[in-house]
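Q: Please take a close look at the second largest pocket of this protein. What lines it, and what else helps to place it in the whole?

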Amino acid sequence: MSDAKTDSDTDGVSAPRKSARRRWRWPLALLLVIVFLLFDIGPTVPAPGPPSAPQAEGVRLMVQRTQAALVGGNGHAQLFYTGADLTGAAVLAGNIRSLGQFDAHLASGSARFRMSQQLLGPVWINITADVESSRNGFPPVRLRIGRLPLGEALSRRVVGLAQWVMKERGIKTPPLDTLVNGVYIAPAGITASVYLPGSGDVGRGLAGLRSTPVDAAAAARIYCSLVQREAHETTDDFAQVVNRAFATPSGLSDAVEGNRAAFVALAAYTVGPGAMRLAKGMQEKTATCNSAYRSAKIVGRDDLPKHWSLSAALSVTLGDDLSTAMGEWKELSDSRPSGTGFSFVDLAADRSGLAAAKRATDPAGASAFAARLRKATAEQIIPIGALALSEGLTEAEFVSRYGTIDSKAFADATARVDQVIARTVGE
């Protein structure tokens with residue numbers, strides 16, 4: 001017998017296994033380097049505090065101003081956002097956990113925007129965008145992802161890639177240098193010359209990036225049925241409108257999907273055609289039945305059905321976090337001098353719609369809850385007990401009683417609202 005030693009004799013590992021280890025060594029090392037460069041333990045952007053009433057009002061006015069400018073200029077607009085506008089938007093967005101944490105810093109000729117998004121446990125991705133002023137065309141942008149700086153040329157390619165992804169999702173925008181043709185940045189704010197034709201479609205598409213699609217044909221079928229039924233059997237009772245919506249066959253075999261379509265149809269019927277943006281293609285499918293109808297009411301009020309149906313529709317498309325946040329922001333904005341005051345009655349209608357959406361999209365009970373909504377009374381939709389809650393609070397009164405929407409006092413108040421809802425909607 002030979003005494004010659006092989007590799008496996010010397011270390012107990014066969015040559016093929018050694019070769020396999022060597023093959024995977026460099027790819028694994030490269031993966032670890034990429035992970036180290038791109039991801040962090042913890043965010044670089046601090047968690048925002050709760051939004052204030054002035055911030056909620058400021059963002060609402062900023063959105064309205066932007067929409068008016070784009071519509072008035074047929075897509076062309078000179079937009080100006082102050083530092084306070086950007087800070088308010090960052091705070092409001094940061095209060096929706098699924099969106100991440102944001103901040104913005106302005107200087108003469110440049111701005112820095114940062115985002116931190118939690119991925120898993122302590123692992124975060126932190127992105128920084130440094131933007132410079134430009135007289136013409138899309139501004140110079142330098143991105144940094146984690147520890148990895150991309151440089152201006154690669155950053156523009158990344159922005160172009162994002163635009164391509166949006167196009168594949170049905171969001172059409174002009175070339176970058178046409179989309180933004182000049183930016184002036186100063187410590188006081190940012191001025192940008194933009195061209196955004198079909199801005200409503202872009203807004204709908206951007207929302208769709210984070211939404212769960214709703215069957216537009218089913219939503220249109222239910223909406224048109226409501227309009228046609230109203231033409232023959234007029235009612236302003238919102239409970240009857242809900243009954244009709246959930247009694248209309250959606251044409252879908254899945255009860256959850258049928259319920260989601262019904263909520264979007266109700267929102268379009270009670271709030272207006274703008275809610276159809278929640279189901280891509282719905283507006284086109286309702287063109288032949290978009291006739292006038294009377295406002296639906298509950299206990300003599302036409303605002304509560306709007307709160308209920310929109311909150312439910314937002315929940316089934318964009319998620320509970322966004323639906324809840326938008327309801328609270330609306331009331332904060334209303335507490336300002338120009339508003340009607342912070343209303344826990346309106347908030348109860350929001351939260352009741354949210355509770356109904358949760359029940360209706362639970363696969364275990366979706367069919368049963370739809371059957372219940374086909375016969376629901378006003379009390380089972382928005383508890384009459386909620387009408388005894390506080391309304392018309394000014395900003396000063398709200399702050400004096402509750403502080404912020406993140407306070408224990410406010411959490412206790414909303415918990416009491418939910419208890420009232422649970423005795424009806426939640427049963």
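**The second largest pocket in its setting**

A: Start with the outside. The accessible surface of this predicted model comes to about 21900 Å². Of that surface, 58% belongs to carbon and sulfur atoms. The protein has 427 residues, and 42% of them count as buried. Its fold holds 18 helices and nine strands. Contacts across the sequence matter for the picture too. Take the contacts with a separation of 6 or more: 66% of them join residues 24 or more positions apart.

Now the pocket. The second largest pocket has a volume of about 720 Å³. Its lining counts 28 residues. The closest to its centre are Asn-95, Ile-96, Arg-97, Asp-321 and Asp-406. Four elements give two or more residues each to this lining. They are strand E4 (110–120), helix H13 (320–334), helix H14 (344–360) and helix H18 (408–422). H13 gives the most, with five residues. By type, the lining divides into 11 nonpolar, 10 polar and seven charged residues.

Two of these helices turn up again at a cavity. Rolling a probe the size of a water molecule over the atoms shows where empty space is left. The count comes to one cavity of 30 Å³ or more. This largest cavity has a volume of about 40 Å³. It is lined by Ser-311, Ser-323, Thr-324, Gly-327, Leu-347, Asp-350, Arg-351 and Leu-354. H13 and H14 are the elements that give two or more residues to the cavity lining. Here the largest share comes from H14, with four residues. At the pocket, by contrast, H13 gives the most. The cavity lining divides into two nonpolar, four polar and two charged residues.

For another part of the fold, turn to a pair of strands. Strand E8 covers residues 180–186, and strand E9 covers residues 189–195. The two pair in the antiparallel sense over five bridges. They form a hairpin, with two residues between them. Val-180 stands opposite Val-194 in E9. E8 is mostly covered: five of its seven residues are buried.

To sum up, the pocket of about 720 Å³ draws on strand E4 and on helices H13, H14 and H18. Helices H13 and H14 also help to line the largest cavity.

Terms used. Residues are numbered from 1 along each chain as its sequence is written. This is a predicted model: local features need pLDDT of at least 70, side-chain atom pairs count only at pLDDT 80 or more; totals for chains, interfaces and linings use all residues. Side-chain values use heavy atoms; hydrogens and water are left out. Buried means under 20% relative accessible area, exposed over 50%, partly exposed in between (1.4 Å probe, protein chains only). Two strands pair if DSSP finds at least two bridges between them. On a 1 Å grid over the protein atoms alone, a cavity is a set of points where a 1.4 Å probe fits but cannot get out, and a pocket is an open set with protein on both sides within 12 Å along at least five of seven lines; lining residues have an atom within 4 Å of a point. Grid points are joined across faces, edges and corners, and a volume is the space filled by probe spheres set on the points. Ala, Val, Leu, Ile, Met, Phe, Trp, Tyr, Cys and Pro count as nonpolar, Asp, Glu, Lys and Arg as charged, and the others, Gly among them, as polar. Contact means heavy atoms within 4.5 Å. Accessible areas come from the Shrake-Rupley method with a 1.4 Å probe; for residues, only the protein chains shown count as cover.
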